[in-house]
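Q: Please take a close look at one part of this model, the nonpolar core and the elements around it. A connected account is wanted rather than a list.

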Amino acid sequence: MHHCCPRQSVNAGPAADAVRRFVLEHARLQPLPHVPEIQLYLADEAVPLWQKTEEELAEHGAPLPYWAFAWAGGQGLARYVLDHADVVKDRRVVVFAAGAGLEAIAAVKAGAASVTASEIDPFARSALALNAEANAVRYDITEADYLTEPLPAVDMLLLGDVFFEQPMSDRVNELAIRAAMAGAVVLVGDPGRSYLPRERLTQLAEYLVPTTRALEDADVKRTVVWRFDV
Ligand SMILES: C[S@@+](CC[C@H](N)C(=O)[O-])C[C@H]1O[C@@H](n2cnc3c(N)ncnc32)[C@H](O)[C@@H]1O
């Protein structure tokens with residue numbers, strides 16, 4: 001575990017303060033339905049928050065506020081990591097597309113040697129920092145885009161709910177292949193998204209994860225944790 005503060009160089013400066021204020025204003029700290037030992041700053045409604053994000057940035061095409069929700073895939077993966085701490089203990093873990101940080105928090109709590117959470121959305125990076133504080137854990141936060149930049153040497157790559165769009169899914173699949181070929185254990189949490197690369201997956205666990213109609217077409221999503229093999 002790291003004994004220093006979350007790395008937040010990307011969040012330095014007045015713009016970062018405004019982003020942090022925005023997250024605190026529009027999300028409230030609450031326990032996760034499927035992982036109650038973790039609490040996160042989450043929103044109740046997606047569309048109004050997206051509109052407010054566009055107003056805050058004074059631009060159209062702002063990133064969707066993924067950071068304000070605990071996605072079913074991430075909840076399943078966080079549940080698995082907490083319940084199988086032996087799999088994570090003493091390992092160097094990267095959480096790609098970490099969102100609000102649920103899998104990263106779970107990995108620290110499970111005793112990982114180090115945890116790095118990657119996010120390209122500055123609002124998510126702010127939420128990652130706030131949620132680390134709220135759960136009294138420490139991890140590194142990076143804006144590095146591992147779809148185009150090299151992945152550091154790691155023992156484990158966690159992919160929670162990242163197979164929902166075709167172009168991104170193809171590239172995440174390539175990232176997972178690279179990581180697995182370099183010897184990392186790659187774990188995927190997924191509630192049946194369209195672009196899941198099923199041919200490479202072995203099922204490890206299955207959960208019924210409560211979610212929200214603000215995001216999904218059902219109140220509960222069957223979510224599977226898979227190992228990705230090459
Ligand atoms: C559906 S959310 C999943 C978040 C979290 N893993 C969970 O399960 O709650 C997908 C996330 O991917 C992030 N993302 C998309 N492309 C990315 C990239 N190239 N590098 C890092 N994060 C990325 C988005 O900003 C978004 O927060």
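A: The account below starts with the core, then turns to the ligand shell, a helix pair and two loop residues. The model is predicted.

The largest nonpolar core has 74 residues. Those with the most contacts inside this core are V93, V95, L102, A104, A107 and L157. Helix α6, residues 122-134, contributes the largest share of the core, with 7 residues.

L157 can be followed outward from there. Leaving aside neighbours within four places in sequence, L157 is in contact with V94, F96, A176, A179, A184 and V186. V94 belongs to strand β3, which spans residues 92-96. With 28 other C-beta atoms within 10 Å, V94 is buried, because 20 or more such atoms are enough for that class. Not counting residues up to four places away in sequence, V94 touches T116, S118, L151, P152, V154 and L157. Y195 lies 101 residues from V94 along the chain, and the C-alpha atoms of V94 and Y195 are separated by 21 Å.

The ligand has 24 residues around it, of which Y66, G74, A97, G99 and G160 come nearest. By class, this shell has 14 nonpolar, 5 polar and 5 charged residues. Helices α3 (72-83) and α5 (102-109) each supply at least two residues of the shell.

α3 and α5 also pack against each other, at an angle of about 0° and with their axes 8 Å apart. The pair is therefore roughly parallel. On the α3 side the contact is made by G74, Q75, L77, A78, V81 and L82, and on the α5 side by L102, E103, A106, A107 and K109. The residues of this contact divide into 7 nonpolar, 2 polar and 2 charged. Some names recur here: G74 of the α3 side is among the residues that come nearest the ligand, while L102 and A107 of the α5 side are among those with the most contacts inside the core.

Two loop residues complete the picture. D90 lies in the loop between α4 (85-88) and β3. Phi of D90 is near 65°, a positive value in a residue other than glycine. D90 has 11 other C-beta atoms within 10 Å and is exposed, since 12 or fewer puts a residue in that class. A136 is placed in the loop between α6 and β5 (140-142). Its phi is near 55°, again a positive value in a residue other than glycine. A136 has 9 other C-beta atoms within 10 Å, so A136 is exposed.

Terms used. Residues are numbered from 1 along each chain as its sequence is written. This is a predicted model: local features need pLDDT of at least 70, side-chain atom pairs count only at pLDDT 80 or more; totals for chains, interfaces and linings use all residues. A nonpolar core is a set of buried Ala, Val, Leu, Ile, Met, Phe, Trp, Tyr and Cys residues joined through C-beta atoms within 7 Å. Helices (H or I, at least four residues) and strands (E, at least two) are DSSP runs, numbered from the N terminus. Two residues are in contact if their C-beta atoms, placed from the backbone, lie within 7 Å. A residue is near a molecule or strand if its C-beta atom, placed from the backbone, lies within 6 Å of it. Ala, Val, Leu, Ile, Met, Phe, Trp, Tyr, Cys and Pro count as nonpolar, Asp, Glu, Lys and Arg as charged, and the others, Gly among them, as polar. Axes are lines fitted to C-alpha atoms, for helices over the stretch in contact, and angles run from 0 to 180 degrees between N-to-C directions. Angles under 35 degrees count as roughly parallel, over 145 as roughly antiparallel, 65 to 115 as roughly perpendicular and the rest as oblique.
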